[in-house]
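User: Please take a close look at the side-chain contacts in this model, and walk me through them in one connected account.

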Amino acid sequence: MIIIVMGLPATGKTSFAEALAEALGYPHFNTDKSRIALGKLGQYDKATKLSIYQHLIAEVEGAIAQQQSVIVDATFYTAEVRRPYLALAEEYHCPIVFIETKADPAQIAKRMQKQRKYSEADLGVYEEIKAIFEPLLVDHCTLWSDQMSIKEMIATATEYISQQKQAS
């Protein structure tokens, strides 16, 4: 199973994805960690973003090929960067689940003022991604990180994942 955790910067994606990965015992893959590993800090042009997503999909495919379920955490801001994950799920005949994290813009601005664990995205990066963010048009779970605790988010997500497993 591929669990995609997506959303704009500072919506709580990584904190939630790490907690969900721990709760489920799944490996967690993340674009910010890949950006660091590839030495691409501070580089947010389209070509760099796409190269980071390509690196990430290769890591995810390695785990899926070994029949591991995974959690992938990134903005997934366009259909173009989501498409390879849909193709990977189809190729390996494994379910894919999308979970979108959201938060009120005022809360996002507040979070952007603090140092975050992996992300260096600032309000400018947030605004840039928000302007080009393409809505997810497939069935998905939406979690508001400024309205729910991590524990509540995990409970809601695991219930949704369970329903999606039964449906596939």
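Analyst: The count of disulfides in this predicted model comes to 0. A disulfide would need a pair of cysteine sulfur atoms within 2.5 Å, and the sulfur of C94 is 19 Å from the closest cysteine sulfur, which belongs to C141, so this distance is too far for a bond. Seen from the other side, the closest cysteine sulfur to that of C141 is the one in C94, again at 19 Å and too far for a bond. Both cysteines are nevertheless withdrawn from the surface by the accessibility criterion, since C94 is buried with a relative accessible area of 14%, and C141 counts as buried at 7% relative accessibility.

The aromatic side chains give a different kind of contact to follow. Searching the whole structure yields 3 aromatic pairs. Among them is the pair of Y53 and Y77, which is tilted, with 6.3 Å from centre to centre and 55 degrees between the planes. This pair links distant parts of the chain, for Y53 belongs to helix α3 (residues 46-65), whereas Y77 lies in the loop between β3 (70-73) and α4 (79-91), 24 residues apart. Y53 and Y77 are each buried.

Another pair is made by F76 and Y85, whose rings meet edge-to-face at 5.1 Å centre to centre, with 85 degrees between the planes. Here too the partners are buried, F76 as well as Y85. Taken together, Y53, F76, Y77 and Y85 are linked by ring pairs into a cluster.

Charged side chains also come up against aromatic rings. In the case of Y77, a member of that cluster, the charged end of K49 sits over the ring, at 5.0 Å from the ring centre. A contact of this kind is also found at F133, where the charged end of R82 sits over the ring and is 5.7 Å from the ring centre.

There remains helix α1, which covers residues 13-24 and thus has 12 residues. From the first C-alpha to the last, α1 reaches 16 Å, close to the 16 Å expected at 1.5 Å a residue. Its buried residues are K13, T14, F16, A17, A19, L20 and A21. Just after α1 comes G25, which takes a positive phi of about 75 degrees.

How values were computed. Residues are numbered from 1 along each chain as its sequence is written. This is a predicted model: local features need pLDDT of at least 70, side-chain atom pairs count only at pLDDT 80 or more; totals for chains, interfaces and linings use all residues. Side-chain values use heavy atoms; hydrogens and water are left out. Rings of Phe, Tyr and Trp (its six-membered ring) pair if their centres lie within 6.5 Å; planes under 30 degrees apart count as stacked, over 60 as edge-to-face and the rest as tilted. Helices (H or I, at least four residues) and strands (E, at least two) are DSSP runs, numbered from the N terminus. Buried means under 20% relative accessible area, exposed over 50%, partly exposed in between (1.4 Å probe, protein chains only). A charge sits over a ring if NZ of Lys or CZ of Arg is within 6 Å of the ring centre and within 35 degrees of the ring normal. The expected span of a helix is 1.5 Å times one less than its number of residues.
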